[in-house]
Amino acid sequence: MSRRFALWLLPIALLAPALARAQGASETAVEAAFLAKFGAYVTWPGGGGPIVICAVGRDVLGDALDRATAGQQIDGRGLVVRKLDSVDRNSGCTIAYIAGSPRQSVSAALAALRSAPVLTVTDSRWSSARGMIHFQIANDRVRFHIDDKAAAESGLGISSKLLALALSVRPRSGR
Amino acid sequence: MIERSQRVPQFAAALMAVFLLLLGVIVVTQADRVYRSEQAQRADIRAQVLAASVTAAVDFSDLEAAREAIAPFRVDPATRVIAIYDQSGRLLTGYGLHGEKLSPRLPGTAVPSTMSRGVAPVVSGGKRIGTIYLLTDIEPLSRRLSRYALISVLAVMAALIVLILGVAQAALRRANAELQDTNAELIQQMAQREKAENELRQVQKMESIGQLTGGIAHDFNNMLAIVIGSLDIAERRFASNPERARTAIAHALEGANRAASLTKRLLAFARRSPLQPQPIDPNQMVSNMSELLRRTLGEGISIQTVLAGGLWRTHADPGQLENAILNLCVNARDAMEGNGRLTIETLNAHLDDDYAARHIGVAAGQYSAIVISDNGPGMPADVIERAFEPFFTTKSVGKGTGLGLAQVYGFVRQSGGHVRIYSEVGQGTAVKIYLPRYFGPAEVAAAAEAPAELPRGRPGELILVVEDEDQVRRMSVDALQELGYDVLEAPGGEDALALVQTRPDIRLLFTDVVMPDINGRQLADKARTLRPELPVLYTTGYTRNAVVHNGVVDSDVFFIPKPFTVEQLARKMRAVLDA
């Protein structure tokens, strides 16, 4: 609604940039916190080592991600944040938050990471292309869709607990 | 001690009952504790289940999802509080049911006793991100207790049963002890009574012995006075007045004879007289006695005899029976004071079992009876009761010895018979003598006429006299020499046997039966091994010995009872030697 409000009343939004920034800042912080927590509900093939969270493309998260991951561990694994312009399967990412950039669109980034053991996360604010987890603001709250099928193709396992919170789940084949 | 033994089972039972109740309480509380801890565990487990299911919701602050996740637990009516608190203990969301309020901060461990608490951490990625807090009702105490009702009732019942058994046991023991006491007392009383009875019997016995000895001493004294007095006179007048001396000696002899007859009667009463029973026809005996009786009883007494036809014979000593009849007749005369009617009746009598049962010492069977009755003044019952006692007499002093009826009684009893007195004051008296019926051959002895002259010994007839008492032996020897026999004497069995061996001309052995070393019977048997044809004549004053059994002389021996007169000895001696 907030988004629709923002879309419909874009001029107002533009007229009141400070308000919009404040709103966006809050959502960004929540998304950053979520990114820091996904690791607990996802299993990667091989596993081990720190969980590397890559912020790919435009820097929409700012230092919110750094704050959310500071001093955090998930089941003994440290959290590392990297900021990248573009990404490919050798970028060493465990989780990739893809905001897109002129150099590499969200779709391109997703294509580059297809079948790679990387949890791809997209945001409806920046793109309509969906990764395994796709953030969406619903009822003023940050929610997400889950593409379990894509996750399965990449060899990732997503906890049913997380699936239960999703707005929608694209189930993996055979489910 | 009885008190203590009674209390022990009661105490033990009470202890046991308390123990059982205690056991019941312990079991119930234990079960309750287990139940409560189970309830708490269950609450914890539910909290853990909830914690697992809300992890992601809490992690991603999705309170709606969290509420949805915990909503199903509201269905349980026991649930009072379900709440989720964040890692710093602030309430995230939850339900307060049945009036319970949600605490905004995570409550401590204190829980109302009616509820159990479940707490579980919500953990994500190894980090505690919140807490599930659960409060559930546990069953109320009354409901819980009702679940333990069965075991409680069983425990109470067991305790009651044990108590009742203990009390009953104690009561039983008490009753038992009382019974034992009573029994012991009874036994003691019985012993005391028996002792008293024995003492009484002893006193009575001593009394009758006293009466008996007194009577004997009195009568003997009288007779001895006559004998001694007369002998004294005889001695003094022997030279001066031989005629007077002879008279005195005759008196002395008479006194001695009366003494002899007294002992004879005493023996008769004691059933110790040596009887020589023969088959007797009582009718014949009564007939034969009628002349004697008429003379003895005097003019004033009319005698009537009623003799039964076909009367059974009996078996008794004829002399003693005559004596008994005479005694009864004399008694009757004395009772009638010389004037009256005397009836002698004979009859057959059958004493049945019923009669025998009612009279001590009577055997049921057939008897021939002799009844002597008079129309005198009769006797009261207490006199009848004592009539057969020796020396009991209603006659004045000097008139009678009190031995007459006692002699009759002794003789009849010894002959296997029975004697009864029937009497009523003013009506007269009847005495019935029952003598057992005799079934043997009918050789009724005819009373042998005694020859007038004394039979004497023939020249060369040598008699061996064996007697341990010197004076008696002296008397026997004198008497036999007087009768013209040659005599050898021996004081005992051994001397006698030696004589038998050395003197084959001994014609007869005359021996006492009761002697200290060997008795007369044994002596005779030994003598007969030397001289099988040697005749033996026994004599004795006793009746229970080797020759006389139960007062009856063996039929195959010759016997003369002590004391005997020269005449009796002369006849017996002749009879044996001529046999």
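## The largest cavity

Which residues line the largest cavity? This is a predicted model, and in it the lining is drawn from chain B: B:Val465, B:Val466, B:Glu467, B:Val472, B:Ser476, B:Phe510, B:Thr511, B:Asp512, B:Thr539, B:Lys562 and B:Phe564. The space they surround comes to about 50 Å³.

Now for the elements behind that list. Strand 14 of chain B (506–512) is one of those that supply at least two residues each, along with strand 12 (462–466) and helix 11 (470–482). Strand 14 is the top contributor, giving three residues to the lining. Sorted by class, the lining is a mix: five nonpolar residues, three polar and three charged.

## The second largest cavity

The count stands at two cavities of 30 Å³ or more, and the second largest holds about 40 Å³ of space. Residues from chain A and chain B line this one: A:Phe34, A:Arg141, A:Val142, A:Arg143, A:Phe144 and A:Leu165 on one side of the list, B:Phe60 and B:Asp62 on the other.

Strand 8 of chain A (residues 141–147) puts in the largest share, with four residues. As for class, the lining of this second cavity has five nonpolar and three charged residues, and no polar ones.

## Where the chains meet

On to the interface itself. Here 15 residues of chain B are in contact with 15 residues of chain A. Putting the two chains together buries about 1,200 Å², and carbon and sulfur atoms give 53% of that. On the chain B side, B:Phe60, B:Asp62 and B:Gly125 supply 49% of the area buried against chain A, more than any other three residues. Two of these names should ring a bell: B:Phe60 and B:Asp62 also help line the second largest cavity.

## Polar links and the chain B face

How many salt bridges cross the interface of chain B and chain A? The rule finds three. A:Arg141 and B:Asp62 form a salt bridge through their side chains, at 3.0 Å from N to O; both residues also sit in the lining of the second largest cavity. Polar contacts across the interface add up to six residue pairs, both partners at pLDDT 80 or more.

Looking at the face that chain B turns to chain A, helix 1 (2–59) and helix 2 (63–70) each supply at least two residues. Helix 1 gives the most, with five. By class, that face of chain B divides into six nonpolar, five polar and four charged residues.

Methods. Residues numbered from 1 in each chain as written. Chains lettered and ligands numbered in written order. Predicted model: local features only at pLDDT ≥ 70, side-chain atom pairs only at ≥ 80, totals over all residues. Heavy atoms only, no water. 1 Å grid on protein atoms, 1.4 Å probe; cavity = no way out; pocket = protein on both sides within 12 Å on 5 of 7 lines; lining within 4 Å. Points joined across faces, edges and corners; volume = space filled by probe spheres on them. Nonpolar A, V, L, I, M, F, W, Y, C, P; charged D, E, K, R; others polar. Contact = heavy atoms within 4.5 Å. Buried area = accessible area lost by both parts, 1.4 Å probe. Salt bridge = Lys/Arg side-chain N within 4 Å of Asp/Glu carboxyl O. Polar contact = N/O pair within 3.5 Å; in protein donor to acceptor, adjacent residues only side chain to side chain.
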